[in-house]
Amino acid sequence: MTEIEARKAASRTARLDAVFAALADPTRRAIIERLSRSEARVTEVAEPFRMSLNAVSKHIRVLEASGVVERHRKGRDHILSINARSLDEVDGWIERTRGYWEKRLDAMERLLLELKKDHKSGPKDRKHGSR
């Protein structure tokens with residue numbers, strides 16, 4: 001692996017770490033759920049939570065830092081939306097990981113079926129009562 005490839009891999013890993021850390025919190029997942037329906041002002045996002053606007057803003061900043069949420073201004077309003085590209089990276093990682101585990105589990109299933117078949121056919125070279 002070249003130095004450039006290593007840096008790119010490290011950068012992808014850091015981005016994934018940040019996204020997974022951001023999504024680990026139920027409040028932040030609820031914010032993402034809200035934004036999945038449509039973009040919204042910060043105050044609209046904060047409405048359903050039983051916490052201060054400042055506390056919700058801290059959660060939003062974590063989501064922004066991870067790249068999951070983007071903010072832009074319309075006049076005095078701060079509008080939030082989901083950055084689908086960051087979630088696409090996570091989806092790609094999940095799919096690659098799923099593929100790996102599906103192959104491993106399929107191999108295990110084949111092995112177990114073979115062992116079960118061998119077990120049903122019984123010992124082949126042994127005589128009853130001998131060791």
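Contact here means heavy atoms within 4.5 Å. With that in mind, a good place to enter this predicted model is T27, a residue of helix α2. Setting aside neighbours within four places in sequence, T27 is in contact with F49, M51 and H59. The relative accessible area of T27 is 15%, and since buried means under 20%, T27 counts as buried.

From T27 the view widens to the nonpolar interior. The largest nonpolar core has 18 residues, and those touching the most other members are I31, L35, V45, I60, L63, V69 and L80. Two or more residues of this core come from each of α1, α2, α3 (42-46) and α4. Such a grouping fits a familiar pattern: in soluble globular proteins, nonpolar side chains tend to be buried together. L63 offers a closer look at the surroundings of one core member. Residues up to four places away in sequence being left out, L63 touches A22, R28, I31, I32, V68 and V69.

A22 leads on to helix α1, where the buried residues are L16, V19 and A22. Because these buried residues fall within an arc of 130 degrees when α1 is seen down its axis, they line one face of the helix. They pack against α2, α4 (53-66) and α5. The helix itself has 21 residues and spans 30 Å from its first C-alpha to its last, close to the 30 Å expected at 1.5 Å a residue.

The other side of α1 is also worth a visit. Exposed residues E3 and R7 are carried on the face turned away from the buried side. The side chains of E3 and R7 meet in a salt bridge, with 2.3 Å from N to O. Four residues apart in helix α1 (residues 3-23), E3 and R7 are separated by about one helical turn. Relative accessibility is 52% for R7, which therefore counts as exposed, and 54% for E3, which likewise counts as exposed.

The structure holds seven salt bridges, and two others bring strand β2 into the picture. One of them is formed by E39 with K74, whose closest N and O atoms are 3.4 Å apart. This pair links distant parts of the chain, 35 residues apart: E39 lies in the loop between α2 (26-37) and β1 (40-41), while K74 belongs to strand β2 (residues 69-74). E39 counts as partly exposed, at 37% relative accessibility.

Another salt bridge joins the side chains of E70 and R85, at 3.2 Å from N to O. Here too the pair links distant parts of the chain, with E70 in strand β2 and R85 in helix α5 (residues 84-121), 15 residues apart. E70 counts as partly exposed because its relative accessibility is 33%, whereas R85 is exposed, with a relative accessible area of 58%.

Strand β2 also has a pairing partner. Six bridges join β2 to strand β3 (residues 77-82), and the two strands run antiparallel. K74, already met in its salt bridge with E39, has D77 as its bridge partner in β3. The two strands form a hairpin with two residues between them, and G75 in the turn has a positive phi of about 65 degrees.

Terms used
Residues are numbered from 1 along each chain as its sequence is written. This is a predicted model: local features need pLDDT of at least 70, side-chain atom pairs count only at pLDDT 80 or more; totals for chains, interfaces and linings use all residues. Side-chain values use heavy atoms; hydrogens and water are left out. A salt bridge is a side-chain nitrogen of Lys or Arg within 4 Å of a carboxyl oxygen of Asp or Glu. Buried means under 20% relative accessible area, exposed over 50%, partly exposed in between (1.4 Å probe, protein chains only). The expected span of a helix is 1.5 Å times one less than its number of residues. The arc is that of the directions from the helix axis to the C-beta atoms. Two strands pair if DSSP finds at least two bridges between them. A nonpolar core is a set of buried Ala, Val, Leu, Ile, Met, Phe, Trp, Tyr and Cys residues joined through side-chain atoms within 4.5 Å.
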